[in-house]
Amino acid sequence: MQDISEIIEGCRQWSRSSQEALYRQFFGYAMAICLRYSNNKQEAIEILNDGFLKIFNHIDSYDISRPFKSWLSKIMANTAIDHLRSRKKISFSDDITQAYDLGVTDDAAMDKLSYDEILQLVQKLPPAYRTVFNLYVMEGFQHQEIAAMLGISEGTSKSNLFKAKRILKEKIEEQSSFNNYPDTGMIGATMQK
């Protein structure tokens with residue numbers, strides 16, 4: 001595997017092989033980010049490719065004293081937000097001035113879900129809720145930063161996060177209670193030898 005500083009320098013020189021190496025090295029990481037913001041894999045790939053195009057066009061602005069993954073992550077998240085805005089898929093709910101306690105989600109239920117199952121639940125969130133959830137929970141932004149990025153109030157950011165968590169909690173509990181039942185498709189269909 002090539003050293004990241006060599007790959008970045010090659011990208012600054014518009015080397016196709018360096019661009020391909022960067023794409024291959026960070027494809028999985030970037031794809032995971034894009035999937036969290038998109039409805040499906042095809043949309044995630046579109047966001048990913050747009051994000052890498054931005055990276056290649058703005059690689060000169062990357063500060064080599066900072067971690068590359070952080071810079072890439074921010075570009076992918078912003079590209080996803082731009083994607084949602086351009087397709088008018090994102091609209092935010094009303095402002096709230098206080099957040100409410102959701103209670104405790106059953107950790108055992110959460111442990112039974114795979115990454116893919118959790119990702120599918122996040123993808124089913126309305127785009128505005130999903131965006132704020134990802135920016136706050138996954139990317140680590142604060143409500144003030146999210147509000148500035150999305151052009152909304154802090155209260156709206158908090159409201160969207162609260163509603164996203166509430167929906168996810170309900171879906172996880174549904175999934176957990178569904179998984180606790182035996183396979184009812186086989187009732188009366190067992191045969192003895």
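I call a residue buried under 20% relative accessible area, exposed over 50% and partly exposed in between, with a 1.4 Å probe and protein chains only.

The model is predicted, so I took local features at pLDDT of at least 70 and side-chain atom pairs only at pLDDT 80 or more, while totals for chains, interfaces and linings use all residues. Residues are numbered from 1 along each chain as its sequence is written, and side-chain values use heavy atoms, with hydrogens and water left out.

Entry 1, aromatic pairs. I searched the whole structure and found seven aromatic pairs. Rings of Phe, Tyr and Trp (its six-membered ring) pair if their centres lie within 6.5 Å; planes under 30 degrees apart are stacked, over 60 edge-to-face, the rest tilted.

Entry 2, tyrosine 23 and phenylalanine 27. I found the ring centres of tyrosine 23 and phenylalanine 27 5.6 Å apart and the planes at 50 degrees, so this pair is tilted. Both residues lie in helix H2 (residues 16–37), four residues apart, or about one helical turn; helices are DSSP runs of H or I, at least four residues, numbered from the N terminus. Tyrosine 23 is partly exposed at 25%, and phenylalanine 27 is partly exposed at 32%.

Entry 3, phenylalanine 26 and phenylalanine 68. Their ring centres are 5.1 Å apart with planes at 55 degrees, so I logged the pair as tilted. Phenylalanine 26 in helix H2 and phenylalanine 68 in helix H4 (residues 68–86) are 42 residues apart, and the pair links distant parts of the chain. Both phenylalanine 26 and phenylalanine 68 are buried.

Entry 4, cluster. I noted one aromatic cluster formed by Tyr23, Phe27, Phe52 and Phe56.

How values were computed:
Helices (H or I, at least four residues) and strands (E, at least two) are DSSP runs, numbered from the N terminus.
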